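Got your viewer open and a selection box ready? Here is a short walk, one stop at a time.

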Amino acid sequence: MSLEKIVIIGSGPAGTRAAETLLRQGCRNITGISEAPASGGQIYRRQPAGFGRQADEVYGSEAEKATALHRSFDALAGSIDYRPNALVWNIFDRKVFTNGPKGVDEIPFDRLVLTTGAMDRILPIPGWTLPGVFTLGGAQIALKHQACAIGRQVVFAGAGPLLYLVAWQYMKAGAHVVAVLDTSAFANKIAASLKLLALPRLMFRGLKFRRDLKAKGVALHEGVRLARVEGTQSVTAISFEKGGKKQWLACDAVGLGFGLNPEMQLAELAGARTRFDRTFRQWVLAHDGEGRVAEGVYVAGDGHAIGGADVAELTGERAAWAVLADLGLPVSAERQSVIRRALKRQAIFREGIEQSFPLPAEWLADTPDETILCRCENVTFGEVRAAITELEPNDVNRLKAFARPGMGRCQGRVCGHVLAELLAAETGRPLEEVGRLRGQAPVKPLHYKAAAGKAEGAVQVQQWLEQADKVLEDG
Amino acid sequence: MAETTETDIAIIGGGIAGVASAYHLALAGKRVTVLEKGTVGAQASGVNFGGLRTNGRAMAELSLSLRAREIWRKLKDLIGHDCETEFTGHVEICDREDHLAAVEKWAPEANAFGVGAEMLSGAAVAKRFPWIGRRMLGGIYVATDGAANPRLVTPVFARAVRKLGVTIREQEPVTSLGYHNGRFEIATGKGAVIRSPILVNAAGAWGNRIAQHFGEDYPLDVMAPQMVVSEPFARQVTATVDYPVNGRFFYARQIGRGNLLFGRGPGRADLDTSRASYVPQNVFDASRIAIDILPMLKGRTFLRTWSGVEGKTPDSLPILGPSPVRDGLIHAFGFSGHGFQLGPATGAVVADLILRGKTATDISGFSPRRFKTS
Amino acid sequence: MRLGEQARPAVEIKIDGKRFSCLAGDTVLTAVLLAGRHLRQSEFGDGPRAGFCNMGACQDCWMYRADGERVRACTTYVEGGMDIYTADPQHHVA
């Protein structure tokens, strides 16, 4: 048994499996923190109370896994200090800083397991900030979590497995899917098929989505180049180019995405290092092969490297075994080896996915100057290009300092990788050389009022203000 | 084989003091080389509050600060970019008798220098700055003070300086430093050797490490500004505001785009890693003060906190002047959190000292000799 | 648009002062976009915004309560009597 304080951030597939394994092996002082009101993460996000759809309606082919995961979490929730609705906004001096229903709190930890998930990877195109454009993940959440479609005539555009999955789910739910605009050519998928066969079930599921969509009359365009989301106050159409031919589709909503980016800011604040992964064309957390990233800090799931829900469950358990080993508790070599083998197959499949859906980063060089690059601060491609030419920033953090992209509310979550791609392209340098935006606290906006609530630590400040009031009253 | 470069003047430190020194020296036709261990303006010069304040300064700093104010006014003409400079005024507000008394004593003395400070009654503070959420006993206002974007100033200065022919060597830390046959010899991390009869030590928080090469040792501590920035909102806060709570100033300003910036320390910094931390307790305390003084923040959110590494002397005044032990060595470091506004004039003074051996600016309070250095 | 789950209890809220009837379990984002086409205006004059990631990551859906408090629409659920604004109700541009 161990009474060391273990904090797990996130209660999706990775966080759930980590907590379950730790509990089963005798850890008795676990705190689980989740920004969401319930467990499940984004992929197995639960419906709010009062919704009546059955699991197979919400999660489709993944209903069994979703239900199993929810059950696991519900079974353990009473045995840990579970704090839903709590945002973790900083990690400092081996303390996790949260903001939840009771305000700001500091939670010291001995060991920390980070399962922070991911968000869609976006390539900005003209018009991408118009009302009606959502990420693919956002479109999926509207359906899963709210039983809503993002519009009456929806186009899904971009690249990645989510593109076809979300389109299929919308179709099944009775929404009108106008088209799927896949920026990757069919030939890319053929070339990747051997790798995709590492997980035949997933590959055939993808083929089924395409077949079903076609059968329902949804237009599938592959190898397209997205030109613009049309409209002034909201989406009215999307234009694109295929085989040199310009096309135009009327629609009132667009789901846009090009794979996922891991959510790494908290791990960085906890002392983790990142490394550039050429295959995935993105930064991931550098760990020791078992999820260790810093002294007493462990990572799992999409938040450490994109792998999907199954990988999240596997790496969540893997991180737990690493914690147990470091605590000197018994470890199951058999489970560890099962996980390793499963992750190997998953890794081959993931490479296949990347090869099937490469990020069309080469578009950025031709993106018009007036296109918004940073949607928080309204910084355009032209302004960023001007800063690159005039002030010659050596890395993306410097570029951010000069022109403000990535300085807004999202802290560069959405545009950080675009900034790096553009800086690399404009200066002819390799992508990994221009760096990535550093994580800074708070990782999401925090109310001053919430922060001020913690000022009782500085009683003197309160006293000072009260004394000053008294002086004024007496005067 | 080491690459050896001869230059008229070598400057260690690519912060605002170093780069502005290079500017004034290059204008006089000197060959100048600036050595920067990282990138220009990345430390205290780049991460500070951006305040351009004469208000409330120590008497010893006023001569230099007023010279700086003149340079800031002409910034665009000098370096081709205004770096978001604006002169919207600075007010220090008082709700304590002792603070008000101190300010009332300061004002006439400062105005004798030409600061142009205006004493305000409590009612005048409320009328002139209706966005201040607390009643005050009074305040002191300097209309010609302002602010600039510190992330831009030093890099833009550097660009102008390069156009004048100055060599700025970035990512080149000093690895050894000596003096032979009337020349300083500086070896860098890239294997280069710079030889120069004159050396300017503008190394900021690392200034004492440079001084130590010549047997000098200054009581230089390290400090870390603690900055917080809000989400953007329609501009209400029209002047920079300074307010002391418990012996530490809370200072705030809102930029034209709408973000409100405030600071209050102390933070944590490390010279060896060049890293500074924002200490979370500061945002709790400062937010408590902020929603009192700037009540429009009450429902709003902040987006980011940051810090940087800055050198601090025991009297919070810079070490600026010729080295007491080594001819040809000029110190310009330890600005203790007030160096941004002073930067352009610091460069002018360094140039005066090198070119003419004296300066009309009163820098007597900054003499390196005020400390026992060995 | 709603595709199902319409049997939930109705909840009445106000959006920019106008009454709107939505359903228990709706997020503020869902309710406001069922009532209209945007959640807020960009601070920098580049037009209306209506959320993006729907999962609390992109921060593009922050709205206002009547007292000016900011609220993130995609992660906040409607409550009866809620008073939500697309622009700062405390700041009237002259």
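How many salt bridges does the rule find across the interface of chain B and chain C? Keep in mind that this is a predicted model, then put those two chains on screen: the rule finds 2.

**Stop 1: where B meets C**

Select the residues in contact, and you should get 8 from chain B and 9 from chain C. Chain B's contribution is dominated by a few names: Pro232(B), Gly299(B) and Arg300(B) lose the most area to chain C, together 49% of what that side buries. The area buried between the two chains is about 710 Å², with carbon and sulfur atoms giving 56% of it.

Now show side chains for Glu231(B) and Arg70(C). These two form a salt bridge, and their closest N and O atoms are 2.5 Å apart. Sorted by class, chain B's side of the contact with chain C has 2 nonpolar, 3 polar and 3 charged residues. If you're tallying polar contacts as well, the count between chain B and chain C is 3 residue pairs.

**Stop 2: a link inside chain A**

Next, select Arg111(A) and Glu4(A). They make a salt bridge with the closest N and O atoms 2.9 Å apart. Where do the two partners sit in chain A? Arg111(A) is in strand β7 (residues 111-114), while Glu4(A) is in the segment before β1 (6-9), so the pair links distant parts of the chain, 107 residues apart. Colour by accessibility here: Arg111(A) counts as buried at 11% relative accessibility, whereas Glu4(A) is partly exposed at 28%.

**Stop 3: from A across to B**

Jump to Glu390(A) and Arg159(B), whose side chains meet in a salt bridge at 3.8 Å, N to O. This one crosses between chains, running from helix α11 (residues 381-391) of chain A to helix α7 (residues 150-163) of chain B. Glu390(A) is partly exposed, with a relative accessible area of 46%.

**Stop 4: a pair within one helix**

Stay in chain B and pick helix α3 (residues 59-73). Glu70(B) and Arg73(B) form a salt bridge there, closest N and O atoms 2.9 Å apart. Why might you look for them side by side along the helix? Because they are 3 residues apart, they are separated by about one helical turn. Both count as partly exposed, Glu70(B) at 38% relative accessibility and Arg73(B) at 43%.

Zoom out for a moment. Salt bridges that share partners join a set of residues from chains A, B and C into one network, including Arg375(A), Arg409(A), Glu231(B), Asp60(C) and Arg70(C). You met Glu231(B) and Arg70(C) as a pair at the first stop. Over all chains, a search of the whole structure finds 71 salt bridges.

**Stop 5: an enclosed strand in chain B**

Last, select strand β5 (residues 90-94) of chain B. Is this strand buried or exposed? 5 of its 5 residues are buried, so the strand is largely enclosed by the rest of the structure. Look at which way the side chains go: His90(B), Glu92(B) and Cys94(B) point one way, and Val91(B) and Ile93(B) the other. In a regular strand, side chains alternate between the two faces of the sheet.

Add the partner strands to finish. β5(B) pairs with β7(B) (residues 138-142) in the antiparallel sense over 5 bridges, where Val91(B) has Tyr141(B) as its bridge partner. With β16(B) (residues 240-245), β5(B) pairs in the parallel sense over 3 bridges, and His90(B) is matched there with Thr240(B).

Methods:
Residues are numbered from 1 along each chain as its sequence is written. Chains are lettered from A and ligands numbered from 1 in the order in which they are written. This is a predicted model: local features need pLDDT of at least 70, side-chain atom pairs count only at pLDDT 80 or more; totals for chains, interfaces and linings use all residues. Side-chain values use heavy atoms; hydrogens and water are left out. Contact means heavy atoms within 4.5 Å. Buried area is the accessible area (1.4 Å probe) that two parts lose on being put together, summed over both. A salt bridge is a side-chain nitrogen of Lys or Arg within 4 Å of a carboxyl oxygen of Asp or Glu. A polar contact is a pair of N or O atoms within 3.5 Å; within protein, one must be able to donate a hydrogen and the other to accept it, and residues adjacent in sequence count only if both atoms are side-chain atoms. Ala, Val, Leu, Ile, Met, Phe, Trp, Tyr, Cys and Pro count as nonpolar, Asp, Glu, Lys and Arg as charged, and the others, Gly among them, as polar. Helices (H or I, at least four residues) and strands (E, at least two) are DSSP runs, numbered from the N terminus. Buried means under 20% relative accessible area, exposed over 50%, partly exposed in between (1.4 Å probe, protein chains only). Two strands pair if DSSP finds at least two bridges between them.
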